[in-house]
Amino acid sequence: MSVKKYGIYLAWQPTIDLRAQGLGRHLAEFLKAAQERKDVCFVIACPSWMKPSLIELLNDACIQQDYFEILAPRKKPLLLVAYERYIKITTRPKKRNLFQNFYHYIKNLVSSKRSKIEQVIVATRSKTLVIIVSLLILFLLLVMGLFGKLFRFVSVVFVAPCRSVTQKTISTFLSQIEKITTNPKDDLKILEFFKIMRKQEAKLINNLIKARKDITAWYCPAAFWPDFNDIKAPRLMCIPDVVLANFPISFACAGTGRMLDSFKQVEKSIEEGEYFVTYSEEIKWGTLSKRYHIDPEKIFVVPHGNNSLNEVIKLSGSLSDNEAALIAFSHTQLKTALCKSAYGMNGGLFMGVSNFKFIFYASQFRPNKNIISLLKAYDYLLKRRYIPHRLILTGLPSILPSINEYIQTHGLENDVLCLHGLSTQELAACYKLADLAVNPSLSEGGCPFTFTEALSVDTPVVMSRIPVTLEVIKDPDLDKEMFFDPYDWKDMADRIEWALQNKEALLAKQKLFYNVLEKRTWKTVVDEYIDILEHISNRDLDKIELKDAA
Amino acid sequence: MTAYKKPRVMWLLNHGTARKFDVAMLKQIGIEEIFLPKKYPDDISFRSASVDYSEDVNLTIPADELAVLNDANWYASPSPEAWDIANRHFDILFFITHFGSIVKNIVDNYKGIVLWRAFGLDRSLTYTKVLNYLIGTRGKNLIKSMGKRFYFAQAYDHLPHIEADFLSQRALFLPLGLPDCHINDTWRGSDPNIFFICPDLGFNPYYQDIYNQFVKDFKGLSYAVGGAQPISVADPNVLGYVPEEVHKRNMREMRVMFYHSTEPNHIHYHPFEAIKVGMPLVFMAGGMLDRMGGKNLPGRCKNSKEARYKIERILNDDWSLIEDIRESQVCLLDQMKPENCVDAWRVGFESIFSNLEKVKANQPLPIKETKRIAVILPIEYKGGSLRGAKLLAQAIDHGARQAGKSIEVIFCHLDDYYTDEDFADLPLSIKRRPYNWRILNREEATRAMIYAGLEETLKYEKYIVADDQCNQLMECDLFVIISDRLSIPLLPIKPYIVMIYDYLQRYEKIISAEENQCFIRIAHFAERVLVTTEFTRSDAIQFAGLLSEKVIKLPMLTPQFALQQGNAENELARRYFLWTTNEAIHKNHENALKALSLYYEKYEGQLECHVTGINTKNLTKSDLPHLKPLREIVAQNIPLKRNLKLLGDLTEPYYHLKLQSSQFLWHAGRIDNGTFSVVEAAHFGVPALSSDYPAMREINAQFNLNLNWMDAYNPEDMAIQLKKMEVEASALKSRVPSAESLSSQSVEKLSGVYWKAIKECL
């Protein structure tokens, strides 16, 4: 059997752990299902620094390494190696060696004597002192790879006369060192530095790709990397959504220039892209066609597959009551999860006690997730309708201060639990033990996973009536019972209350629908992707017959 | 050319010379049916425009439909019927942008191929800039939304180089030439003058600068300036309008033509006219002529010194130079010859034709789009303004449903101020959305604009948005803001319409100059301004300086009322009239009380005066400067004191009960947008006496109220009219319009016109 080769393009910047990324998990599922296809093979092109993380991801997902090929520049950039060593040194809680002791001495000296150093340097007439200080700082700079700063520093110290070195310049410089040594990953200049590194690495990757004529088409699972469009072979780019375009004000207020920069990269990728795949018709028409004027014929839609969580907590063996054991196991998981509460106090309060009723919404906190409306609905249900449930969320409240503020203003710290960074098993346990899952989101790229995740562990769910959901759940009976207007918190509250009172009936109806949906596995999804890659490599739009997504 | 059913073309320009050439090109490539517009704006920039009916005979569309097309003003807002005909019969449309509205009109209404005809602009401008100037960055999105239906039909092939991608990537070269390039060498040059064409000197600074430079460079030489001069110019050498014969004589006898332009993207016709008759042309290097004739022509001059030197030689009979120029300049016509242009037109239209079928089959979005309109109450209005806002929302909702359109109206009001009862009368189809104003700094505002795809330069430090804690109403397609009372600019991220009730500040000093500017600014940035009286419409244009097309007058909306059951008032026992007012200065309290004094003392008035309205309970004890004199008036007049009953703000049912038991309603205000209370009174069969001012006259006309009038500035007249009302009360009641008659002005009946005004902005 002839084997066709397709490429997958990844270009995350250094320090990103693939396993922590949603797209990383998506990729793992994708590759896992792709293994079953013996007629195709995937080559993953990525930066040198991603290779270890990718291999770990493949290992974790039990994907045979010899089935996939990784195409990456052989060596990491030296400056990145230096940076990684620096990070390793600074984060290692071990006994310091001589060098480290010296380093920390210098660092502490800089912090504590900053003002004095500034005064000495500014007032000095001694060239020797200036040279010694300069060499010392030069050494630190080299370690951190800040060449840009270095040139400016050299010009200030050596070119300009000592008298012209202002105290302000030195003060700024010392602050910079302090800032970078304290928290290098969050420093904008370091990030800018990574960006340049990523850009250069992309050129090397593209050279490697250019040499691979055996790969017939390329797939990129995200729109963050416009360099993907430099590939000369047929290209398919996945656009999950462009959420900033639909929530411009919220994101403008929540984010910074960095977010704007990423947004511009995404727009560039779309504008220069060739073929696209989305998870929904809504993103195809409402975003790519309407906003970016992409030819609809070049956009394919592949809805999500079933995301069952049942497998991760399913118990097997000779237990007399599997369901009881499953519940007990879930409680154990929930107890662990409670330790991850963003509000330390309530996390501690509930540790060891998990037999409370709750409503569950698993999602990061983003403006489009509509958390405030959910909180308004919950506050009303709790204080006016006296429902006893707690609300468990999985975002970090500090991400969006308005959420934090709402919880505190309304005294909900003990009722709304924000459990961040849950493992898949903990997530599954939360779904399993919840009386009701809710999804209040205003906009998503595809039908939210909440639906299949909750039903896979027999928990009913109520959701926002939004286009991406309506594309998948078309049953008019379910429509009336499980959807609410996400812009109307009162409607949301009414629906939640009704669902809590009728959860068995709702679950029964939803399970019937879920039984149909669960047939759409990751294998189905991957087959559709491969069909599209096959099609674009032939560049014959008329021949494709995409399978009916629903 | 590809076999294709011959398409029809709408060439929506009125430029005479360009028309001759473009139409000839279209004919040569096989397009036989061309519609030419018959109306163009009365604007000085259309001085080269004319109307041509000659192509009508070739059109095979029904005569009545052609009449509709001919009657339409394609530069402004053609009717839906005209667009419907255009879509049914015409595949291709050419347009130019004198006004931004044409782009939106085309995008919203036309389904075929769209060609923006570009003849080049002066060096300070690009078409991208023009579009941005006319409609902001929305223009770019409008053009992009046409996708492959759109072409930037450039007359010169280098034009796209200076344009933004959204234009340059859609460039299509359709060269502009001369319909007739035949050389008719009639030139004699007996008149030793420089012939210099420079129009519009009376008003156009661009040409004024060129003229001044010319006069400076050629000082001491004799010259004549041709070109249309709609405003006369003092220089006797400026010819202004001349009959055709005189113009021909000038072209024949004048010694030399000087062409000044160094514009790289635009050229005039007159240099070619000179070449055609054999007149020597001395021109400046660096302009379009360099592209047409290279850099070695003897008439070409690198600077004004060289131009003067050559012209002096020509004026001094250097016939050798003259002949050199005359012989060599003919090559400048080559690119302008129809036979040298037609191939490019053919190639261009091949591309259009290949796209045409696809465009025709272009499917609408498969996702059904429900348009959302947010009706926003910007401040804590209650009473009449709240009621008006609710009625407006109802009118839009009802009008759209009546027109078969799927829309959602969302009524947005400030959070934590209203109760559910305030909205009990709002139909269920209209959703409520509480919000609070949120201030964005310029950095945040700019980011938001970029995310929204509107890279507009923001000039203010702060902007406000309505924050509903969901998506700041971004899911809505249009905002309708009830009143202009916003002191910080609204972030221009969504189109909005503003309803303006009045410009009271023009007549009464009620706000500061700064506030006034803020309010006016809100109206200026709106897509449309809605008013309910001609009086306010006039103020919007005259005082706020708005474009008249932008200001739409709509009829006043009123609710229907049910008669109140109850007998709290014994009509015979307590005979009274109602005076509805509040504390505002324009309510004319002092004159009203003076009139009441006269009514009770001089005219022995028998009716009590019952005063209602917000903050009226202590009206005569107020310390407000304009209310202070009331104390004394009341103190000095015992009958007034006895008969004046200050009731304060009443609940609506109780007010209605009071109203229907009253003899008449008194409206004593000096000025405003008219009070709805007189219509409300009529609903209960109660006549009204009103101050006579334009807005009230309009309300009287709209509802046929048969109001009675008085002079608000004359207490004596007011008192006389009050007495008259008392005496004739019974008779006047019979003149009040019936409920049936008033129902002709119901929301349901008027919703159509409201929807029509709103939908144009969707």
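# Briefing on chains A and B

Of the 762 residues in chain B, 41% are buried. The model described here is a predicted one, and the account below moves from the overall build of chain B to its parallel sheet, then to a helix of that chain, to strands and domains of chain A, and finally to the contact between the two chains.

**Chain B as a whole**

- The secondary structure of chain B amounts to 27 helices together with 25 strands, and its C-alpha atoms, taken along the principal axes, fill a box of roughly 110 × 65 × 55 Å.
- When contacts in chain B are restricted to residues at least 6 apart in sequence, 70% of them turn out to join residues at least 24 apart.
- The domain assignment divides chain B into domain 1 (9-173), domain 2 (191-336), domain 3 (371-553) and domain 4 (576-743).
- Between the C-alpha centres of domain 1 of chain B and domain 3 of chain B there is a distance of 33 Å.

**The parallel sheet of chain B**

- An open sheet of five strands in chain B has the order β8-β7-β9-β10-β11, with parallel pairing; its edge strands, each pairing on one side only, are β8 (223-226) and β11 (300-301) of chain B.
- Strand β7 (residues 191-197) of chain B runs parallel to strand β9 (residues 254-259) of chain B, and four bridges join the two.
- Among the bridge partners in β9(B), B:M254 is the partner of B:D191, and B:F258 is the partner of B:F196.
- β9(B) is also joined to β10(B), with which it runs parallel, by three bridges; within β10(B), B:L281 is the bridge partner of B:M257.
- On the way from β9(B) to β10(B) the chain passes through helix α10 (residues 270-277) of chain B, and the resulting β-α-β crossover is right-handed.
- Because six of the six residues of β9(B) are buried, this strand is largely enclosed by the rest of the structure.

**Helix α13 of chain B**

- Helix α13 (residues 319-328) of chain B has B:I322, B:I325 and B:R326 as its buried residues; seen down the axis of α13(B), these buried residues fall within an arc of 100°, so they line one face of the helix.
- The face of α13(B) that is turned away from the buried side carries B:S320, B:E323 and B:E327, which are exposed.
- The packing partners of the buried residues of α13(B) are β10 (281-284) and α12 (304-315) of chain B, and β10(B) is also a member of the five-strand sheet.

**Strands of chain A**

- Strand β4 (residues 215-220) of chain A is largely enclosed by the rest of the structure, because five of its six residues are buried.
- Four bridges link β4(A) to strand β1 (residues 4-9) of chain A in a parallel arrangement, and A:A217 in β4(A) has A:Y6 standing opposite.
- β4(A) also pairs in the parallel sense with strand β5 (residues 235-238) of chain A, over three bridges, and in β5(A) the residue A:R235 is the bridge partner of A:W218.

**Domains of chain A**

- For chain A the domain assignment gives domain 1, which is made of two segments (4-72 + 213-301), along with domain 2 (79-190) and domain 3 (310-519).
- The C-alpha centres of domain 1 of chain A and domain 3 of chain A are 29 Å apart, and the contact between these domains takes 14 residues from domain 1 of chain A and ten residues from domain 3 of chain A.
- On the side of domain 1 of chain A that touches domain 3 of chain A, the elements giving two or more residues are α10 (243-246), α11 (248-254) and α13 (281-289) of chain A.
- By class, that side of domain 1 of chain A consists of seven nonpolar, four polar and three charged residues.

**The contact between chains A and B**

- The contact draws 26 residues from chain A and 23 residues from chain B.
- On the side of chain B that touches chain A, at least two residues each are supplied by α6 (138-145), β14 (431-441) and α16 (442-451) of chain B, and α16(B) gives the most, with five residues.
- The residues on this side of chain B divide by class into twelve nonpolar, six polar and five charged.

Note on methods. Residues numbered from 1 in each chain as written. Chains lettered and ligands numbered in written order. Predicted model: local features only at pLDDT ≥ 70, side-chain atom pairs only at ≥ 80, totals over all residues. Contact = placed C-beta atoms within 7 Å. Nonpolar A, V, L, I, M, F, W, Y, C, P; charged D, E, K, R; others polar. Domains from an automatic or database assignment. Buried ≥ 20, exposed ≤ 12 C-beta atoms within 10 Å, placed from the backbone. Arc of directions from axis to C-beta. Pairing = 2+ DSSP bridges. Right-handed = clockwise from strand over helix to strand, strands pointing away.
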